[in-house]
Amino acid sequence: MTEAVFFYLFTIPMMAAALSVVFNRRPIYSVLSLLVVMFCLASLFIMLGAYFVAALQVLLYAGAVLVLFLFVVMLLNLEPDNLARMRLSTLRGIGTIAAAFLLFHLVRILTAPAASGIAATARPGADGTVENIGRALFTTYVLPFELISFLILAAIIGAVTLSKQQSDR
Amino acid sequence: MPLPSASAMLTIGPTHYLLASAILFVIGLIGIMTRRNVIMILLCIEIMFNAANLAFITYARAWHDLGGQITVFFIIIVAAAEVTVGLAIAVLLSRQLKTLNADEIRLLKW
């Protein structure tokens with residue numbers, strides 16, 4: 001019962017904020033709505049026992065990625081009018097219909113009996129605390145962990161190269 | 001599809017989280033297909049990333065396996081890298097092509 005209250009308390013604002021991201025005419029408001037989505041999602045992560053990932057969600061997404069978005073939106077000084085230009089209404093309708101089709105089939109698949117019978121036996125050490133995550137990260141998943149540092153390096157070099165090319169001209 | 005009963009709506013199981021994830025994913029998809037601004041498309045991609053993250057965490061909980069949470073850890077890092085490069089490209093587009101409308105950018109055609 002308590003879980004139901006908190007689930008709907010976090011899910012309904014999350015959906016409203018996500019719709020606001022998509023349909024808001026001003027990009028600043030879209031970015032701030034995405035912030036609400038991130039915080040509600042972090043709450044859901046805590047409810048699901050993923051404490052470390054919830055902290056990462058707040059620190060990395062809300063703290064770093066969205067600030068980057070805000071900086072770029074303010075830097076480019078986008079006009080609300082030429083920003084909110086949506087596609088022709090027929091194309092928009094087709095896109096929405098296709099998305100509704102996908103939603104229908106996702107709901108059909110996820111509510112099937114095979115998907116709901118996934119409750120397994122409890123295993124120790126499956127809680128998402130920092131200790132458990134760190135232990136798994138540096139034993140089982142140490143190779144992807146090292147590889148992802150190369151990815152970050154590549155992203156840094158790519159971003160620097162792109163902006164340096166700009167200042168040379 | 002039968003309508004959910006009141007007890008099914010009040011007993012929160014993995015299905016509820018998965019449905020929330022599906023709805024969030026579809027909202028992001030609608031955004032990608034209807035908005036034409038490059039920055040808005042990037043924002044909607046973030047929404048879809050997060051919907052996938054919620055599904056991963058839900059299954060990690062349901063199967064008592066930490067692998068799902070580790071995957072989300074990696075997805076968050078990859079998303080951060082993608083946003084860095086994507087926003088750099090968006091800034092370049094607006095400076096050099098003077099537009100951010102995805103329909104007007106035709107450099108890859110022909």
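Colleague: What distance separates the centres of domain 1 of chain A and domain 2 of chain A?

Modeller: Keep in mind that this is a predicted model. The domain assignment of chain A gives domain 1 as 1-79 and domain 2 as 126-169. Taken over C-alpha atoms, their centres are separated by 22 Å.

Colleague: And how many residues of domain 1 of chain A are in contact with domain 2 of chain A?

Modeller: By class, the side of domain 1 that touches domain 2 has 4 nonpolar residues, 1 polar and no charged ones. On the domain 2 side, 5 residues take part, and the number from domain 1 is 5.

Colleague: Let's turn to the two chains. Which helix gives the most to the side of chain A that touches chain B?

Modeller: In this pairing, 73 residues of chain A are in contact with 63 residues of chain B. Elements of chain A that give two or more residues to that side include α1 (2-23), α2 (27-47), α3 (51-76) and α8 (142-168). With 12 residues, the one that gives the most is α3(A).

Colleague: How do the residues on that side of chain A divide into nonpolar, polar and charged?

Modeller: We are still on the side of chain A that touches chain B, to which α5 (89-110) and α7 (130-139) also give two or more residues each. There, 6 residues are charged, 12 are polar and the nonpolar ones number 55.

Colleague: Could you show me α1(A)? What does it reach from its first C-alpha to its last?

Modeller: Happily! α1(A) has 22 residues, and at 1.5 Å a residue the expected span is 32 Å. The model comes close to that, with a reach of 32 Å.

Colleague: Why are the buried residues of α1(A) on the same side?

Modeller: The buried residues are Thr11(A), Met14(A), Ala17(A), Ala18(A), Val21(A) and Val22(A). On the other side of α1(A), Val5(A), Leu9(A) and Ile12(A) are exposed. The buried ones lie on the same side of α1(A) because they cover an arc around the axis of only 140°.

Colleague: Which elements do those buried residues of α1(A) pack against?

Modeller: Both chains come into this answer. From chain B, the partners are α2 (14-34) and α3 (38-62), and together with them comes α2 of chain A.

Colleague: One last stop, His64(B). Is it buried, exposed or partly exposed?

Modeller: His64(B) lies in the loop between α3 and α4 (67-96) of chain B. Its phi is near 50°, a positive value in a residue other than glycine. A residue needs 20 or more C-beta neighbours within 10 Å to be buried and 12 or fewer to be exposed. His64(B) has 16 inside 10 Å, so it counts as partly exposed.

Definitions and conventions: Residues are numbered from 1 along each chain as its sequence is written. Chains are lettered from A and ligands numbered from 1 in the order in which they are written. This is a predicted model: local features need pLDDT of at least 70, side-chain atom pairs count only at pLDDT 80 or more; totals for chains, interfaces and linings use all residues. Two residues are in contact if their C-beta atoms, placed from the backbone, lie within 7 Å. Helices (H or I, at least four residues) and strands (E, at least two) are DSSP runs, numbered from the N terminus. Ala, Val, Leu, Ile, Met, Phe, Trp, Tyr, Cys and Pro count as nonpolar, Asp, Glu, Lys and Arg as charged, and the others, Gly among them, as polar. The expected span of a helix is 1.5 Å times one less than its number of residues. The arc is that of the directions from the helix axis to the C-beta atoms. Domain bounds come from an automatic or database domain assignment.
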